[in-house]
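Q: Could you take a close look at how one pair of helices packs in this model, and then at what lies around it in the rest of the fold? I would enjoy a connected walk through it.

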Amino acid sequence: METKYLLLDVGGTEIKAGIADENGRICMPLEKFSSRAKEDKETILNHFAEIISKMSQKAEGGIGGVGMAFPGPFDYVHGFSLMQGLDKYDSIYKVSLEEAVKMRVPSVRNASFLFLHDVEAFAVGTGTYGACKNADKIFCLCIGTGAGSAFIKHHKAVKCGSDVPKNGWIYDTPFKDSVIDDYLSVRGLAALSEKITGSAQNGRQLYEQCLLGDQKAMEVYHVFGEWLKEAVMPFIDAFNPDAVTFGGQISGSFQFFGKSFEKVCRKRNIDIYLEKDTSVRTMQGLYVSIVQEG
């Protein structure tokens, strides 16, 4: 009987679940569930258990491991959330998710559990299975609700050293009047678009306007691209990666904001890749990490 791996990409509004085989192949289309992140403790824990139980039944094999990717703050070693005051998962603060799930789902009681930062999981997945899999050193940036980052070397995350920031996170680095996260993010783009166009717009709206040749929308993305270059290049120069990979919802508009950044990377012989399906790579990263720890 083939061993299978249950993998969850846990967000504040949605949870995506998948099953990987022994080769890291995602066996079937991902399933999507509401996160129920604002509910009480028992509701959230029972919801995780129901998802894992459902996926376990579909796996049709022995469950070798369960991987869960979470945004921070989170204790990834001990497997519990540290989120407070973020309007998500407050009620499971410092609750052991492995213990809670194993108590509710008999089919995974002998499975190993692994918890990873969602961007780290994505980075490991794209560095192992993505277009940049042959690169030795990779810098990953997911631009969405915030600026999530990870540094990869030899298919493993680098979280400390003279050439990377603590944990591999750039989001809280001072930048302009605040920190990078306030600029390279959904809210940063919305504030910039309001300043230039007169109304706060999201990435998709700006993307569609750019396709129609709207000059103000293009100006928004031009400035956003300059922010990207100014904020990220110091990390690129310190780490000296072979490739840079982008994920996250805003990265889909890279053609409109990434030209300046791409130009300076080209001068440094750094390749740039865009990953369209962040969740698949995230799950593959979870799989790789489970196997490595096993």
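A: Happy to. Axes here are lines fitted to C-alpha atoms, for helices over the stretch in contact, and angles run from 0 to 180 degrees between N-to-C directions. Please keep in mind that this is a predicted model. With that in hand, look at helix α3 (residues 118–129) and helix α9 (residues 278–293): their axes come within 6 Å and cross at roughly 85°. The two helices, α3 and α9, are therefore roughly perpendicular to each other. On the α3 side, the contact residues include Asp-118, Phe-122 and Tyr-129, while α9 contributes, among them, Arg-281, Leu-286 and Tyr-287. By character, the residues of this contact between α3 and α9 divide into 7 nonpolar, 8 polar and 2 charged.

Now for the nonpolar cores. The largest has 40 residues, and Leu-184 and Phe-224 are among those with the most contacts inside it. Elements that each supply at least two residues of this core include β8 (137–143), α4 (186–197) and α6 (215–239). The largest share, 12 residues, comes from α6. A second, separate core of 34 residues includes Ile-19, Phe-48, Ile-92 and Phe-113. Back in the largest core, Leu-184 makes a good place to zoom in: leaving aside residues up to four places away in sequence, Leu-184 touches Phe-224, Trp-227, Leu-228, Ala-231 and Val-232, among others including Ile-143.

Finally, the cysteines: the structure holds 0 disulfides. Cys-142 is in none, and the nearest cysteine sulfur, that of Cys-140, is 7.0 Å away. Cys-142 is buried, with a relative accessible area of 11%, whereas Cys-160 is exposed at 62%.

How values were computed
Residues numbered from 1 in each chain as written. Predicted model: local features only at pLDDT ≥ 70, side-chain atom pairs only at ≥ 80, totals over all residues. Heavy atoms only, no water. Disulfide = S-S within 2.5 Å. Buried < 20%, exposed > 50% of the residue type's maximum accessible area, 1.4 Å probe, protein only. Helix = DSSP H or I, 4+ residues; strand = E, 2+ residues; numbered from the N terminus. Parallel < 35°, antiparallel > 145°, perpendicular 65-115°, else oblique. Contact = heavy atoms within 4.5 Å. Nonpolar A, V, L, I, M, F, W, Y, C, P; charged D, E, K, R; others polar. Core = buried A, V, L, I, M, F, W, Y, C linked by side-chain atoms within 4.5 Å.
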